[in-house]
Amino acid sequence: MSNGGNHYGDSVTQTGGVGNTGIIKNQGVPADPQAAFREMMQAIQVLRGQISAEDRQVIDASLNTIGAGTAPGGEVDPGTLRRALAAIAGVATVVGEVGAPVVAAIQRVLALIGGA
């Protein structure tokens with residue numbers, strides 16, 4: 001199912017009993033990297049309130065690195081940004097289901113900025 005190239009909502013491709021793709025989850029991924037970044041930051045803030053102090057330290061250190069690139073005149077090289085996001089995704093993965101929205105948001109951001 002296509003709606004002019006934008007794929008929002010779930011889709012299922014099924015041809016008989018062979019070659020079925022199953023459900024493809026399309027959650028309305030924003031095409032704007034800044035919008036995706038804001039959504040990711042919101043998800044990270046929610047996660048921060050649900051994890052241990054040690055895990056918050058890892059996230060905070062990574063957010064400081066990311067923040068250095070968002071300050072006026074500041075720029076974080078892509079490798080450093082990717083490592084900071086990977087550290088946050090690592091914490092989100094370890095904590096399980098509660099971290100899943102953060103992992104998904106980070107994946108969207110990386111895909112949009114060409115880091116995935």
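Where is the place of Ser62? Select Ser62 in this predicted model, and you will find that the residue belongs to helix α2, which covers residues 53-70. With a relative accessibility of 6%, Ser62 counts as buried, because the cut-off for that class is under 20%. If you then display the surroundings and leave aside residues up to four places away in sequence, Ser62 touches Ala84, Ala87 and Ile88.

Next, zoom out to the chain and colour it by secondary structure, which comes to four helices and two strands. Following the sequence from its start, you will meet these elements in the pattern β-β-α-α-α-α. Of the 116 residues in the chain, 24% are buried, and the chain exposes about 7300 Å², of which carbon and sulfur atoms supply 55%. Among contacts between residues at least 6 apart in sequence, 43% join residues at least 24 apart.

Now select residues 78-94, helix α3, together with residues 100-113, helix α4, whose axes lie 9 Å apart and whose packing angle is about 160 degrees. Since angles over 145 degrees count as roughly antiparallel, α3 and α4 are therefore placed in that class. Viewed as a pair, α3 passes α4 in a left-handed crossing.

To see what makes this contact, show the side chains of Leu81, Arg82, Leu85, Ile88, Ala89, Ala92 and Thr93 on α3, and of Val102, Val103, Ile106, Val109, Leu110 and Ile113 on α4. Coloured by character, the residues of this contact divide into eleven nonpolar, one polar and one charged. Pause finally at Ile88, which is listed in the contact of α3 with α4 and is also touched by Ser62.

Note on methods
Residues are numbered from 1 along each chain as its sequence is written. This is a predicted model: local features need pLDDT of at least 70, side-chain atom pairs count only at pLDDT 80 or more; totals for chains, interfaces and linings use all residues. Side-chain values use heavy atoms; hydrogens and water are left out. Buried means under 20% relative accessible area, exposed over 50%, partly exposed in between (1.4 Å probe, protein chains only). Contact means heavy atoms within 4.5 Å. Accessible areas come from the Shrake-Rupley method with a 1.4 Å probe; for residues, only the protein chains shown count as cover. Axes are lines fitted to C-alpha atoms, for helices over the stretch in contact, and angles run from 0 to 180 degrees between N-to-C directions. Angles under 35 degrees count as roughly parallel, over 145 as roughly antiparallel, 65 to 115 as roughly perpendicular and the rest as oblique. A crossing is left-handed if the near helix is turned anticlockwise from the far one by less than a right angle, and right-handed if clockwise. Ala, Val, Leu, Ile, Met, Phe, Trp, Tyr, Cys and Pro count as nonpolar, Asp, Glu, Lys and Arg as charged, and the others, Gly among them, as polar.
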